[in-house]
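Colleague: Got a minute to go through this one with me? I'd like to start with the ligand and then look at the pockets.

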Amino acid sequence: MAKDTFGSVDVAFNNAGINPTDDSSILDTGLDAWSRVQNVNLTSVYLCSKYALTHMVEQKSGSIINTASFVALMGAATSQISYSASKGGVLSMSRELGVQFAKDGIRVNALCPGPVNTPLLQELFASDPVAAQRRLVHVPGGRFAEPEEIAAAVAFLASDDASFVNASTFTVDGGISAAYVTAE
Ligand SMILES: NC(=O)c1ccc[n+]([C@@H]2O[C@H](COP(=O)([O-])OP(=O)(O)OC[C@H]3O[C@@H](n4cnc5c(N)ncnc54)[C@H](O)[C@@H]3O)[C@@H](O)[C@H]2O)c1
């Protein structure tokens, strides 16, 4: 356990997530896919936050970063209904934890990446290039983020440089959530 090895739990980065192809329109998504996505994307964040917090409350310090998504802020007609709902849950849970535990010296932030060039997105796009193109057109810079660009934001939120950043909706999305129309 981190506490036994290092003496404290300073940072928790709860980032695991899935985006399977059987999670799509609400009309086609069964309870199986719905529950699997909720378990991996949302219940895991509840559990990992809960057990990190038990140590952080005791030591009166800590930073938790929970990975939500830009889809927690925007709707897509190319739907992945359970994924989007799970990320909305991560966002509001993180906000509430940040507010509840601020006086214990703990910060909790929801990271909202835009589309990132990782296997999660690559697999989805390989299975449906048309849907992929429909997504890419909305990114103002016309490209996806590289994983390092998201990692840099996590390192910032974990650090004391972010000492007054708490309960935030921390978007690292290349401007996608601010865009109405993008340039040709
Ligand atoms: N890639 C994107 O465009 C994008 C955009 C916004 C948010 N996100 C979110 O960022 C996070 C990381 O995604 P990624 O793009 O790096 O995906 P990825 O598929 O490359 O990596 C996901 C990671 O989660 C782990 N994981 C999956 N199920 C798990 C389980 N049951 N137990 C333990 N670990 C498990 C996998 O082993 C893998 O390491 C996810 O929460 C994802 O929803 C991704």
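Modeller: One term up front: a polar contact is a pair of N or O atoms within 3.5 Å. Keep in mind that this is a predicted model.

Colleague: Fine. How far is the ligand oxygen from an N or O atom in the side chain of Thr-118?

Modeller: That distance is 2.4 Å, from an oxygen atom of the ligand to an N or O atom of the Thr-118 side chain. It is within 3.5 Å, so the pair counts as a polar contact.

Colleague: And what are the distances for Tyr-83 and Lys-87?

Modeller: For the Tyr-83 side chain, an oxygen atom of the ligand is 2.6 Å from an N or O atom. For the Lys-87 side chain, the distance is 2.9 Å, again to an oxygen atom of the ligand.

Colleague: How much of the ligand's accessible area does the protein cover?

Modeller: It covers 63%. On its own, the ligand has 820 Å² of accessible area.

Colleague: How many residues surround the ligand, and which are the closest?

Modeller: There are 18 around the ligand. The closest are Asn-15, Tyr-83, Lys-87, Val-116 and Thr-118.

Colleague: Which element gives the largest share of that shell?

Modeller: α4 does, with three residues. Both α3 and α4 supply at least two residues each.

Colleague: What's the class make-up of the shell?

Modeller: Eleven residues are nonpolar, six are polar and one is charged.

Colleague: Switching to pockets. What is the volume of the largest one?

Modeller: About 540 Å³. It is lined by 28 residues, and those closest to its centre are Tyr-83, Pro-113, Val-116, Thr-118 and Leu-120. Tyr-83, Val-116 and Thr-118 are also among the residues closest to the ligand.

Colleague: Which elements each supply at least two residues of that lining?

Modeller: α3 (81-101), β3 (106-113), α4 (119-127) and α6 (147-158). By class, the lining has 18 nonpolar, eight polar and two charged residues.

Colleague: And the second largest pocket, what volume does it have?

Modeller: About 320 Å³. Of its 17 lining residues, Met-74, Gly-75, Ala-76, Arg-134 and His-138 are the closest to the centre. Eleven of the lining residues are nonpolar, four polar and two charged.

Colleague: New topic: Thr-29. Where does it sit?

Modeller: Thr-29 is in the loop between β1 (11-14) and α2 (31-59).

Colleague: Is Thr-29 buried or exposed?

Modeller: Buried, because its relative accessibility is 15% and the cut-off for buried is under 20%.

Colleague: What lies 2.8 Å from a polar atom of its side chain?

Modeller: Two backbone atoms. One is the nitrogen of Ser-24, 2.8 Å from a polar atom of the Thr-29 side chain. The other is the oxygen of Ser-25, also 2.8 Å from a polar atom of that side chain.

Colleague: Last thing, backbone angles. Which residues other than glycine have a positive phi?

Modeller: Two to look at are Lys-60, with phi near 65°, and Ala-167, at about 60°.

Colleague: Where are Lys-60 and Ala-167?

Modeller: Lys-60 is in the loop between α2 and β2 (62-67). Ala-167 is in the loop between α6 and β4 (169-172).

Colleague: How does Lys-60 count for accessibility?

Modeller: Lys-60 counts as partly exposed, because its relative accessibility is 48%.

Technical notes. Residues are numbered from 1 along each chain as its sequence is written. This is a predicted model: local features need pLDDT of at least 70, side-chain atom pairs count only at pLDDT 80 or more; totals for chains, interfaces and linings use all residues. Side-chain values use heavy atoms; hydrogens and water are left out. On a 1 Å grid over the protein atoms alone, a cavity is a set of points where a 1.4 Å probe fits but cannot get out, and a pocket is an open set with protein on both sides within 12 Å along at least five of seven lines; lining residues have an atom within 4 Å of a point. Grid points are joined across faces, edges and corners, and a volume is the space filled by probe spheres set on the points. Helices (H or I, at least four residues) and strands (E, at least two) are DSSP runs, numbered from the N terminus. Ala, Val, Leu, Ile, Met, Phe, Trp, Tyr, Cys and Pro count as nonpolar, Asp, Glu, Lys and Arg as charged, and the others, Gly among them, as polar. A residue is near a molecule or strand if one of its heavy atoms lies within 4 Å of it. A polar contact is a pair of N or O atoms within 3.5 Å; within protein, one must be able to donate a hydrogen and the other to accept it, and residues adjacent in sequence count only if both atoms are side-chain atoms. Accessible areas come from the Shrake-Rupley method with a 1.4 Å probe; for residues, only the protein chains shown count as cover. Buried means under 20% relative accessible area, exposed over 50%, partly exposed in between (1.4 Å probe, protein chains only).
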